[in-house]
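Hi everyone, thanks for making time for this. I'd like to walk you through one chain, going from the sheet outwards. Please have a look at it first.

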Amino acid sequence: MFSWMGRQAGGRERLGGADAVQTVTGGLRSLYLRKVLPLEEAYRFHEFHSPALEDADFDNKPMILLVGQYSTGKTTFIRYLLEQDFPGMRIGPEPTTDSFIAVMYGETEGSTPGNALVVDPKKPFRKLSRFGNAFLNRFMCSQLPNQVLKSISIIDSPGILSGEKQRISRGYDFCQVLQWFAERVDRIILLFDAHKLDISDEFSEAIKAFRGQDDKIRVVLNKADQVDTQQLMRVYGALMWSLGKVINTPEVLRVYIGSFWAQPLQNTDNRRLFEAEAQDLFRDIQSLPQKAAVRKLNDLIKRARLAKVHAYIISYLKKEMPSVFGKENKKRELISRLPEIYILLQREYQISAGDFPEVKTMQEQLENYDFTKFHSLKPKLIEAVDNMLSNKISSLMNLISQEEISMPTQLVQGGAFDGTTEGPFNQGYGEGAKEGADEEEWVVSKDKPVYDELFYTLSPVNGKITGVNAKKEMVTSKLPNSVLGKIWKLADCDCDGMLDDEEFALAKHLIKIKLDGYELPNNLPPHLIPPSHRKFLQKAD
């Protein structure tokens, strides 16, 4: 195992009573404690933005946060992945999940209420205590011995409501809680129902709470089997239009279309599309353990940059305050001038506008502080963070790359993820180039009589046609030359620059595979090798 020889400010880290050789996670923790945390504490970063990180934040498994309006299938989606019920699960067409439920691995099945959960140092939820009892009474951890949860944890959120009365009745700041989770999870999945595409005011505010976490967001259009193909096209277009008004990014969000539950499809016209989309989503989720270290590093960099900007803002406000008279008037003036101060600091310190916190939120928070008690700028603290960003991060990034190479690939296993690779139901089995893999007869034989008729119109000599004559027929497919060249290479089994009747039939079969929308194999699979060439190729091997 590669190591990162960082040390904590308070002394050597110890694991199991021995001097620790820190891994990537230890390196991240050490950098945060030595470089970033002192800057955060000096300028009250934790009061304005995000609580301090703890050991559990670095050690926890990758987490997925599910967010969506009520009855879009969030809880059902979790059950679909796990292939079993979990404690606290309730499913129904009405708003059933009224709590945040952290679904995590445990040796025995059970649940832990929120107040007990936030005092557990092994769980990454201790800082949620600041949201008070109104939230903690609606927060729980559901533990069960499920294979999927050995690699990831899943956060189920309450169904988002519409209407002012329902929103206020939560008793806690819902969007603030979502923002707290968004900063710590590896993936945020927004679920939409094919029949419920409107984005309510609360849902819109919830999505805005994910500002700065755009790289973590994925969108799932669920229950897509309940509409036909024409309606699905309209639904997809309407969803993209709605999202475009809420998420202000130039990139188009990835939307996975399907029906994520273990029930028969109501409309099977798009079955192949749903299967391909599910596979793409599964691959994205399965890669999370492997990318966890990079995500934590990325989040630490974002946090460090925000801490720097916050320090510049706070120290500037301190510098502008009068020493004796007119403090309140000056405070009001500075708060109103905050947008101008942002621009001034951007120019002075060459900082991107995207690194600054939202103006309105910052103005509201500053109302509660005495600016004279803020600290002046401490260049050494800023230099420590700059040094980390310019030197230490690149070293740690190299360490992550080396560790990924040295360690076996980590993928989420169990539950629905295993079903996609079992028997003849894995993706593409019996389709495209894999068709006929488990049949004794050569799969091309069924269409060979048709191909033979074409073959004999191309003037074969001694049972073979030249490349020139073969090209005349192959270009009628309108495939580009780069693709036809690959097909020729696969079909010319004896590499003599000519095609016999079986090789020509194989070339036509490969053209058909490509025209049907499947990918060509890089090497010819054994079941596609023409019967008369199999002995020759086996001898060559």
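Let me begin with a term: a residue is called buried here when its relative accessible area is under 20%. With that cut-off in hand, look at strand E9, residues 217-222: six of its six residues are buried, so E9 is largely enclosed by the rest of the structure. I should say right away that this is a predicted model.

How do the side chains of E9 divide between the two directions? Ile217, Val219 and Leu221 point one way, while Arg218, Val220 and Asn222 point the other, and all of them are buried. Yes, that does include an arginine and an asparagine.

Now for the neighbours of E9. On one hand there is strand E8, residues 187-193, which pairs with E9 in the parallel sense over six bridges. Within that pairing, Leu190 has Val219 of E9 as its bridge partner. To get from E8 to E9, the chain passes through helix H9, residues 201-208, and this β-α-β crossover is right-handed. On the other hand there is E10, which runs parallel to E9 and is joined to it by three bridges. Here Val219 stands opposite Val255 in E10.

Let's zoom out to the whole sheet. What is the strand order? It reads E5-E6-E4-E7-E3-E8-E9-E10, an open sheet of eight strands with mixed pairing. The edges are taken by strand E5 (110-113) and strand E10 (255-257); each has a single partner strand, so one side of each is left without a neighbour in the sheet. From one strand to the next, the twist averages 25°. Towards the E5 end of that order, you can pick out E4, residues 100-105, and E6, residues 139-144, which run parallel and are joined by six bridges. Phe100 has Phe139 in E6 as its bridge partner.

Keep Phe100 in mind, since it comes back in the packing. The largest nonpolar core has 50 residues, and those with the most contacts inside it are Phe100, Phe125, Phe181, Leu190, Phe192 and Leu221. Which helix gives this core its largest share? That would be H8, residues 174-184, with six residues. Apart from this core lies another, of 47 residues, including Val36, Ala307, Ala311 and Tyr342.

Leu190 is a nice residue to click on. Setting aside neighbours within four places in sequence, Leu190 is in contact with Val67, Phe203, Ile207, Phe210, Ile217, Arg218, Val219, Val220 and Ile247.

Next, a helix. Eight of the nine residues of H4 are buried, so H4 is largely enclosed by the rest of the structure. The buried ones are Lys74, Thr75, Thr76, Phe77, Ile78, Tyr80, Leu81 and Leu82.

The surroundings of H4 have some backbone features to look at. Most residues other than glycine have a negative phi. Just after H4 comes Glu83, with a positive phi near 60°. In the loop between strand E3 (63-68) and helix H4 (74-82) sits Ser71, whose phi is also positive, near 65°.

Further along the chain there is one more such residue to show you. Lys478, in the loop between helix H19 (467-474) and helix H20 (481-491), has a positive phi near 65°. Is Lys478 buried or exposed? Lys478 is exposed, with a relative accessible area of 76%.

That brings us to an annotated stretch. An unreviewed UniProt entry lists residues 479-514 as "domain: EF-hand". In the model, that span is 69% helix and 8% strand, and its end C-alpha atoms lie 9 Å apart.

My last stop is His533, in the loop between helix H21 (501-515) and helix H22 (534-540). His533 counts as buried because its relative accessibility is 6%, under the 20% cut-off. Beyond its neighbours within four places in sequence, His533 is in contact with Cys493, Asp494, Asp500, Glu502 and Glu503. Between His533 and Asp494, which are 39 residues apart along the chain, the C-alpha separation is 7.6 Å.

To finish, the chain as a whole. There are 22 helices and 12 strands, and buried residues make up 49% of the 541 residues. Among contacts between residues at least 6 apart in sequence, 77% join residues at least 24 apart. Thanks, everyone!

Technical notes
Residues numbered from 1 in each chain as written. Predicted model: local features only at pLDDT ≥ 70, side-chain atom pairs only at ≥ 80, totals over all residues. Heavy atoms only, no water. Helix = DSSP H or I, 4+ residues; strand = E, 2+ residues; numbered from the N terminus. Buried < 20%, exposed > 50% of the residue type's maximum accessible area, 1.4 Å probe, protein only. UniProt positions renumbered as here; feature names shortened; annotations may be inferred. Pairing = 2+ DSSP bridges. Axes fitted to C-alpha atoms, helices over the stretch in contact; angles between N-to-C directions. Core = buried A, V, L, I, M, F, W, Y, C linked by side-chain atoms within 4.5 Å. Contact = heavy atoms within 4.5 Å. Right-handed = clockwise from strand over helix to strand, strands pointing away.
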